[in-house]
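Work through the exercises below with the model open. Try each task before reading its solution.

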Amino acid sequence: MDRFDGMRAFVRVVEAGSFTKAAQTLDMSRATVTQLIQQLEARLRVTLLHRTTRKVNVTEDGAVYYERAVHMLAELEDLEAGLPNQATAPAGRLRVDVPSPFATMLLVPALPGFYARYPDIQLDLGVSDRMVDLIGENVDCVVRGGVLTDQSLAARHVADLQLRVYAAPAYLAHAGVPTHPAQLREPSHRIVQFRGARSGQGFEYALRRADETVVLDARYMLAIDDGNAYLAAGLAGLGVLWLPDYMAREAVAQGELVRLFDGWEIAPLPLYVAYPANRRVGRKLRVFIDWVVEFMGEKQ
């Protein structure tokens, strides 16, 4: 048994919480992962994991071994990346998850520039607005907007997205053009609500002008947890919506959306690249994060 294969398998089982999930992220069979762990325990002469029919728990010895193994595997990756013939060419596979509008409107169109610079990095790109379990799903990093509260994650600030309120001309022709945010609470108006995929809770934003604040908590007929579908609902005239500038720019230019409430402001939405705090940032992940920060700086 290659001891590093056993070490990687053990780390993934601990992080994923099951042999089956670990096998999926390692592209191995469950039987192979089980065998690697058994051989590792036999060589170390300790029990690393307690197995039950429902879950896997790490033992006291296993917890100590896990902490050392995570750092050792990161050191190995850095060592390999630092070899002379690798010094200018970070390589390998990165698992990245990003929101759907960010992927379609910003990230994917910019990727030719990334690959021109880093042709040996392979991206496995997940495109969704759901909350991703980075540890359990073995995801290297995610791009997410809003305040990050998960203490298991480290993050790098990428940008602050300016939010504004918009509606389609067809909607305004039917419901009327509101001149004050409080008018959205009137019976003739409705919003399209964006809600978290995991929490199911709707997002509420506050509009401010001088000393006046109005929370956009109006009636909705449609709630959506995907950014691209949210934009499509607004374009279809299903209600008022609030969007970051990059999502609305093209639709406004083509006359498909109209900006509302000039002079009112919504607090910018911070955008982050987040990654597991207990993992060392390897070279390929570091250059990807640096590139995201760079290209988003050009978009501001």
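**Exercise 1. Find which residue follows helix H2 and give the sign of its phi. Then describe the start of the helix and its buried side.**

Solution.
- This is a predicted model. Asp 27 comes after H2, and its phi is positive, near 60°.
- Go to the N-terminal end of H2. Ser 18 caps it: a side-chain oxygen of Ser 18 lies 3.0 Å from the backbone nitrogen of Lys 21.
- List the buried residues of H2 (residues 19-26). They are Phe 19, Ala 22, Ala 23 and Thr 25.
- Look down the axis of H2. The buried residues fall within an arc of 170°, so they line one face of the helix.
- Ask what covers these residues. The cover includes helices H1 (3-16) and H3 (30-44). Strands E1 (49-51), E2 (56-58) and E3 (92-98) are also among the covering elements.

**Exercise 2. Work out which strands stand at the edges of the sheet E10-E9-E14.**

Solution.
- Read the order. Three strands form an open sheet, E10-E9-E14, with antiparallel pairing.
- Count partners. E10 (212-215) and E14 (265-266) each have a single partner strand, so one side of each is left without a neighbour in the sheet. These two are the edges.
- Check one pairing. E9 (residues 206-209) and E14 pair in the antiparallel sense over two bridges. Arg 208 has Glu 265 in E14 as its bridge partner.

**Exercise 3. Identify the residues that touch the most other members of the largest nonpolar core.**

Solution.
- The core has 64 residues. Phe 102, Val 165, Leu 243, Leu 257, Phe 288 and Met 296 touch the most other members.
- Find the main contributor. Helix H9 (residues 283-299) gives the most, with eight residues.
- Follow Met 296. Beyond four places away in sequence, Met 296 touches Phe 102, Leu 106, Val 158, Ala 159, Leu 161 and Leu 271.
- Another core, of 21 residues, lies apart from it. Its members include Met 7, Ala 23, Val 70 and Leu 73.

**Exercise 4. Classify the ring pairs Phe 102 with Phe 295 and Phe 114 with Phe 288.**

Solution.
- The whole structure holds ten aromatic pairs.
- Take Phe 102 and Phe 295. Their ring centres are 6.3 Å apart and the planes stand at 40°, so the pair is tilted. Phe 102 is in helix H5 (residues 100-117) and Phe 295 in helix H9, 193 residues apart.
- Take Phe 114 and Phe 288. Their centres are 5.6 Å apart with planes at 85°, so the pair is edge-to-face. Phe 114 lies in H5 and Phe 288 in H9, so the pair ties together parts 174 residues apart in sequence.
- Check burial. Relative accessible area is 2% for Phe 102 and 0% for Phe 114.

Technical notes: Residues are numbered from 1 along each chain as its sequence is written. This is a predicted model: local features need pLDDT of at least 70, side-chain atom pairs count only at pLDDT 80 or more; totals for chains, interfaces and linings use all residues. Side-chain values use heavy atoms; hydrogens and water are left out. Buried means under 20% relative accessible area, exposed over 50%, partly exposed in between (1.4 Å probe, protein chains only). Helices (H or I, at least four residues) and strands (E, at least two) are DSSP runs, numbered from the N terminus. The arc is that of the directions from the helix axis to the C-beta atoms. Contact means heavy atoms within 4.5 Å. A polar contact is a pair of N or O atoms within 3.5 Å; within protein, one must be able to donate a hydrogen and the other to accept it, and residues adjacent in sequence count only if both atoms are side-chain atoms. Two strands pair if DSSP finds at least two bridges between them. A nonpolar core is a set of buried Ala, Val, Leu, Ile, Met, Phe, Trp, Tyr and Cys residues joined through side-chain atoms within 4.5 Å. Rings of Phe, Tyr and Trp (its six-membered ring) pair if their centres lie within 6.5 Å; planes under 30 degrees apart count as stacked, over 60 as edge-to-face and the rest as tilted.
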